[in-house]
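Me: I'd like a close look at just one part of this structure. Could you take me through it slowly?

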Amino acid sequence: MTTKTHVLVINCGSSSIKFALIDAASGEQIVSGLAERLGQPEAMLTWRVDGHKDSGPIPGADHATAMRHIAARLEEVTQARYGEPVAARLGGIGHRVVHGGEAFTASTVIDEKVLATVEACNHLAPLHNPANLLGIRTAQALFPDLPQVAVFDTAFHQTLPKHAYLYAVPYAYYTEHGVRRYGFHGTSHRYVTRRAAQLLDKPYEECALISAHLGNGCSATAVLNGRSVDTTMGLTPLEGLVMGTRSGDVDPSLHSFLAGELGLNLAQITDILNKQSGLLGLSGLSNDLRTLEEAAAEGHERAILAIEVFCYRLAKQIAALAVPLGRIDALIFTGGIGENSPLVRAKTLARLAVFGFAVDPARNDGLPRGGHGLITQPIGPAALVVPTDEELMIAQDTAGLIE
Ligand code: ADP
């Protein structure tokens with residue numbers, strides 16, 4: 001067993017690098033941070049150690065320069081903490097990669113062949129995969145001797161059966177263009193369902209679970225005996241639940257209708273469905289649930305409506321996910337909304353009474369921030385809050401693969 005138990009977790013975007021140094025053995029996050037607005041004069045690096053936040057300008061920094069600044073912070077922090085260089089602790093680097101297509105069913109150690117395969121998936125996630133690849137290449141250049149691992153958002157959902165992942169469109173679009181449902185948030189769904197099985201004190205391989213990851217992006221997944229069997233996101237993360245700014249499911253004819261009515265082109269309509277819809281579009285106020293809950297409490301009608309639509313559609317999709325499970329051992333709430341909004345949890349569970357869910361208001365309202373646990377009464381299926389930790393999952397996958 002390696003003594004280098006620390007893993008650097010990287011989530012690289014087109015103009016940002018999110019990072020965390022995690023001791024995969026203990027699960028402790030040593031330092032985390034964000035380099036943002038890369039390529040601009042206002043580029044900044046912020047980092048957090050022991051709950052203490054710090055920041056500094058890195059004007060004009062590109063990804064490579066930002067990565068060097070991040071490496072310098074890691075060096076400082078490990079020197080101060082352990083009195084030895086980061087190289088003495090760091091065993092590998094784990095990268096979040098959004099789209100692995102059908103090529104990756106699990107996390108994998110990165111080599112040139114893997115990079116070429118990820119690149120071949122670029123057309124499926126043109127905004128994300130090229131940025132993820134840039135992050136990998138930048139980290140490889142800076143840490144050439146460290147093993148690097150790719151952890152895919154899509155991999156967990158590769159166990160979906162064909163009848164769940166195919167769209168009813170001409171079959172050749174699937175075989176020739178990869179048109180199918182892939183699903184996303186896989187790392188989070190995998191993490192929280194594993195944790196839920198522990199909390200239920202049941203083998204993961206014998207559980208029927210539904211996880212609802214509710215952040216700015218939202219998706220729900222049915223996990224049967226440790227395998228994802230259906231999920232709400234599809235070819236892209238736009239399908240499924242109502243989200244912060246994404247519409248979720250709409251009539252597929254909406255594009256042609258809006259094009260005819262408003263003279264908008266495809267790119268404009270896709271942009272509206274991704275960035276101006278969801279909670280923001282319905283409320284006309286905000287994509288942030290906190291803001292909407294405050295406004296709703298003061299009687300703001302469209303904030304109330306946005307929350308109602310969000311919870312109703314969530315409940316409806318959760319009910320649909322019971323189909324491949326046959327039973328529900330537990331429903332898991334996670335993500336910024338799932339972890340922090342007793343209102344959304346209570347409203348959603350109330351609409352799922354057909355399954356026997358009975359919310360326990362004291363538990364639901366009384367859960368401490370960052371806390372986990374049961375929020376239903378000891379009748380009917382369980383509903384749990386489980387804080388997600390995608391970084392830890394990436395660190396553990398990385399440590400497991402490089403050992
Ligand atoms: P991301 O998908 O960007 O990681 P998060 O998981 O942080 O997003 O979730 C962001 C959402 O969580 C926002 O809608 C935010 O309003 C909501 N949220 C966070 N804290 C609370 C809270 N205390 N009450 C209600 N909603 C909250």
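How far from an oxygen atom of the ligand does a backbone N or O atom of Ile-337 lie? And what else is around the ligand?

Reply: Quick housekeeping before the tour. This is a predicted model, so local features need pLDDT of at least 70 and side-chain atom pairs count only at pLDDT 80 or more, while totals for chains, interfaces and linings use all residues. Residues are numbered from 1 along each chain as its sequence is written, and side-chain values use heavy atoms, with hydrogens and water left out.

Now to Ile-337: one of its backbone N or O atoms lies 3.3 Å from an oxygen atom of the ligand. That's a polar contact, meaning a pair of N or O atoms within 3.5 Å. Leu-289 also uses a backbone N or O atom, at 3.0 Å from a ligand oxygen. With Asp-288, a polar side-chain atom does the job, 2.4 Å from an oxygen atom of the ligand. On its own the ligand exposes 580 Å², and the protein buries 70% of that (Shrake-Rupley areas, 1.4 Å probe).

Helix H10 (289-297) and helix H12 (335-340) are the elements giving two or more residues to the shell around the ligand. Helices here are DSSP runs of H or I with at least four residues, and strands are runs of E with at least two. H12 has the largest share of the shell, 4 residues.

The residues around the ligand include Gly-215, Asn-216, Asn-287, Arg-290, Asn-340 and Arg-369; being near it means having a heavy atom within 4 Å. By type, the shell splits into 2 nonpolar, 7 polar and 3 charged residues, and Gly is counted as polar.

For the wider setting, look at the largest nonpolar core. It has 43 residues, and among those touching the most other members are Leu-214, Phe-310 and Phe-333. A core here is a set of buried nonpolar residues (under 20% relative accessible area) joined through side-chain atoms within 4.5 Å. H10 turns up again, as one of the elements that supply at least two residues of this core, along with helix H11 (301-325) and strand S12 (330-334). H11 gives the most, 11 residues.

Phe-333 is a good place to finish: leaving aside neighbours within four places in sequence, its contacts (heavy atoms within 4.5 Å) include Leu-214, Gly-338 and Leu-384.

Key. Polar contact = N/O pair within 3.5 Å; in protein donor to acceptor, adjacent residues only side chain to side chain. Buried < 20%, exposed > 50% of the residue type's maximum accessible area, 1.4 Å probe, protein only.
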